[in-house]
Amino acid sequence: MATSTSMMNLLSVIGILLGVLSQTIVSQNCGCGPNICCSRYGNCGTTNQSCAVGCQQGPCTATPPAAKNVSISDIVTPTFFNGIITSIADSACAGKDFYSRKAFLDAVKSYPQFAKGRIYQKQEVAAFFAHVTHETEQFCYIEEINGASMDYCDKTSTQYPCAPGKLYYGRGPLMLSWNYNYGPAGKSIGFDGLNKPETVAKDPVISFKTALWFWMNNVHSVIISGQGFGETIRAINGAIECNEGDPGRDFLRVDYYMTYCTQLGVPPGDNLRC
């Protein structure tokens, strides 16, 4: 009887230890056991996917990420930024003398969490500028083509009602649109978005801040959760370019993203299309 009781106690202890080990293996904070990889998503495992690109800890088969973040100015170099502008064929494009690397760097100071994280830092920069390049047609446009003829007033938005005579068509690097975006963007950044939406097309720093405001509120979480570039397309223009919209329009965004990933020396990851 004593032997049976001892055996049961031993099995109980083993069960507890296995439970602890199991929790360690599936941990989300890189507290993996020996000879176990912590994947790019923070999961523990021993598969090629866990130990390959983005592996944070353990017997990684790919080069581990840098020990600390690289400054945004070191990633968005003059060569990188000006390469987008100089690709404009039409020298008469309004955006050519409006958008600048300095304006972007001044704006990004207000968003310290942008492109932070050793794994996704350069991917986020590549994704942001892929969408900006597409939306502005390589920094050519400050305002949406024929935007003044479009009705972007959502009368159901009682918190941010449209001001008389004001138009909320696309402006800036990500073509901020609708009163329900101009209102909170202006409140957050410090300009009157509802009564003076044209400010976005006149002040380049504010213009970049509206793009970063939209990005941090709608797209940033998609990047850091590892959902892939395709889901950033859905977050920005999914109703038109994804699902039953106009499949194929997202190809241009993906092409820009792939190009910038190559320039920045970072893998593009999976799930490129929405």
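## The largest pocket

In this predicted model, the largest pocket has a lining of 26 residues. If you want to find its centre on screen, look for Glu-135, Leu-174, Met-175, Asn-237 and Arg-253, which lie nearest to it. The space inside comes to about 780 Å³.

Several helices help to build the lining. At least two residues come from each of α6 (121-136), α7 (179-189), α10 (229-241) and α11 (250-264). The top contributor is α10, with four residues. As for chemistry, 14 of the lining residues are nonpolar, while six are polar and six are charged.

## An enclosed cavity

There is also one cavity of 30 Å³ or more. This cavity holds about 120 Å³ of space, and 14 residues line it. Closest to its centre are Arg-40, Tyr-120, Gln-123, Gly-226 and Gly-228.

Sorted by class, the cavity lining consists of seven nonpolar, five polar and two charged residues.

## The overall fold

Stepping back to the whole protein, you will find eleven helices and two strands. Followed along the sequence, they appear in the order α-β-β-α-α-α-α-α-α-α-α-α-α.

Contacts between residues 24 or more positions apart make up 59% of those with a separation of 6 or more.

## Surface and interior

How much of the protein is buried? Of its 274 residues, 43% fall into that class. On the outside, the protein exposes about 14,200 Å², and 55% of this area is supplied by carbon and sulfur atoms.

Note on methods:
Residues are numbered from 1 along each chain as its sequence is written. This is a predicted model: local features need pLDDT of at least 70, side-chain atom pairs count only at pLDDT 80 or more; totals for chains, interfaces and linings use all residues. Side-chain values use heavy atoms; hydrogens and water are left out. On a 1 Å grid over the protein atoms alone, a cavity is a set of points where a 1.4 Å probe fits but cannot get out, and a pocket is an open set with protein on both sides within 12 Å along at least five of seven lines; lining residues have an atom within 4 Å of a point. Grid points are joined across faces, edges and corners, and a volume is the space filled by probe spheres set on the points. Ala, Val, Leu, Ile, Met, Phe, Trp, Tyr, Cys and Pro count as nonpolar, Asp, Glu, Lys and Arg as charged, and the others, Gly among them, as polar. Buried means under 20% relative accessible area, exposed over 50%, partly exposed in between (1.4 Å probe, protein chains only). Contact means heavy atoms within 4.5 Å. Accessible areas come from the Shrake-Rupley method with a 1.4 Å probe; for residues, only the protein chains shown count as cover.
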